[in-house]
Amino acid sequence: MKKLIVIFVVLVGVVTIFPKFTNAESITNINGIVISEEEYNNFLKVHTHEYIMTMSEEKYEKLKSLDYSNVETETKYIETTYNSSLMLTTERELTKEEYDNFGGSSNARLSDGAQTTETTAKELILALVGGTTWNYVSVTATWKYIPETRSFDVIGFRGYGFDFREGSQQGEQIYILDNTYTVINYAWNGTNIQKHDNGFGISMNIVNSDITDLQLTAECDISPTIAHPEIFTSYQHAISSVSLAQSQNYVLGGAGLGGVFEFPYSVSQKYDGMSGLRLTY
């Protein structure tokens with residue numbers, strides 16, 4: 001597998017499955033940031049527990065500045081089955097209850113000797129926080145079980161009637177290895193980001209080790225330029241090996257995978273084609 005060539009920061013700390021309460025009104029994340037209970041509950045409207053417990057001081061200050069009285073979210077739970085013999089991927093949308101009860105091993109692979117399939121599930125959450133000039137938007141893809149294939153997955157946004165604030169685009173790959181949180185940060189000007197006038201995508205090389213949890217996040221600031229603009233998001237998982245260059249060979253358009261990423265056919269067939277999410281502001 002091609003090695004990740006973007007410069008990144010790794011943050012390590014002891015895994016905390018539930019918030020660590022230092023007193024009745026605050027928790028402390030792995031970077032020593034003290035978060036009040038009110039802040040924690042507000043942050044959960046936009047991000048996951050894992051994001052909150054691994055975020056940097058800069059991201060904490062960013063989240064503190066948001067207005068949590070104006071939050072819109074969309075969530076989708078998807079079961080994906082990939083047949084490697086037929087090179088065919090199918091998906092089924094799940095209810096939250098079905099997702100929570102989704103069973104199988106960490107790599108839910110079934111084989112009858114002639115065909116091999118991999119079935120797994122993931123949660124996709126799109127959140128938008130309204131602001132006076134700039135709005136904050138984030139997408140988080142959480143795997144129920146770790147995928148077998150690990151290559152360059154792509155996550156990002158396409159906007160219709162939105163400007164994207166340059167320098168605000170970033171992403172994170174969060175996983176747990178040896179009972180320890182690790183974060184790979186993807187900067188707005190890094191090698192793994194592909195920016196366009198109407199949005200951006202980040203290629204994340206999924207860690208190929210014995211991890212137990214996996215989340216991918218992208219985030220940025222957007223500003224409306226028309227009445228009732230729309231933001232679209234997509235997460236595309238590589239079902240076969242792709243290079244960084246191949247994973248960035250796209251334009252952003254409504255006919256693309258998940259309504260965002262328009263790849264050439266030779267590349268698009270290497271991704272699972274999972275449907276995306278959208279919000280109208």
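Which residues point one way from S15, and which the other way? Let's start there, and keep in mind that what we're looking at is a predicted model.

So, on one side of S15 you've got Gly-199, Gly-201, Ser-203 and Asn-205. Phe-200, Ile-202 and Met-204 point the other way. That fits the textbook picture: in a regular strand, side chains alternate between the two faces of the sheet. And here both sets are buried. Put as a count, 7 of the 7 residues in S15, which covers 199-205, are buried.

Who are the neighbours? S10, residues 152-160, pairs with S15 in the antiparallel sense, over 7 bridges. If you want a landmark, find Phe-152, whose bridge partner in S15 is Asn-205. Then there's S14, residues 193-196, also running antiparallel to S15 and joined to it by 4 bridges. Those two make a hairpin, with 2 residues between them. Look for Gln-194 standing opposite Gly-201.

Now, a residue that touches this hairpin: Gln-248. You'll find Gln-248 in the loop between helix H5 and strand S18. Is Gln-248 buried or exposed? Its relative accessibility is 15%, so Gln-248 counts as buried, the cut-off being under 20%. Skipping the neighbours within four places in sequence, Gln-248 contacts Thr-191, Asn-192, Ile-193, Gln-194 and Ser-203. Remember that Gln-194 is the one opposite Gly-201, and Ser-203 is on the glycine side of S15.

Okay, the nonpolar cores. The largest has 33 residues, and Phe-157 and Ile-231 have the most contacts inside it. Strand S16, residues 211-224, gives this core its largest share, 6 residues. There's a second, separate core of 22 residues, with Ile-52, Tyr-60, Val-129 and Ile-174 among them.

Last up, the aromatics. The structure holds 12 aromatic pairs. Take Tyr-250 and Phe-261: the ring centres are 4.9 Å apart and the planes sit at 70°, so we call that pair edge-to-face. Tyr-250 is in the loop between H5 and S18, while Phe-261 is in strand S19, 11 residues apart. Both rings belong to buried residues. Phe-261 also pairs with Phe-263, with centres 6.3 Å apart and planes at 40°, so that one is tilted. Phe-263 is buried too. Add Tyr-271, and ring pairs link these four residues into a cluster.

Two charges over rings to finish. Arg-158 lies over the face of Phe-232, at 4.0 Å from the ring centre. Lys-144 lies over the face of Tyr-99, at 5.1 Å.

Note on methods:
Residues numbered from 1 in each chain as written. Predicted model: local features only at pLDDT ≥ 70, side-chain atom pairs only at ≥ 80, totals over all residues. Heavy atoms only, no water. Buried < 20%, exposed > 50% of the residue type's maximum accessible area, 1.4 Å probe, protein only. Pairing = 2+ DSSP bridges. Core = buried A, V, L, I, M, F, W, Y, C linked by side-chain atoms within 4.5 Å. Contact = heavy atoms within 4.5 Å. Phe/Tyr/Trp six-rings, centres within 6.5 Å; stacked < 30°, edge-to-face > 60°. Lys NZ or Arg CZ within 6 Å of the ring centre and 35° of its normal.
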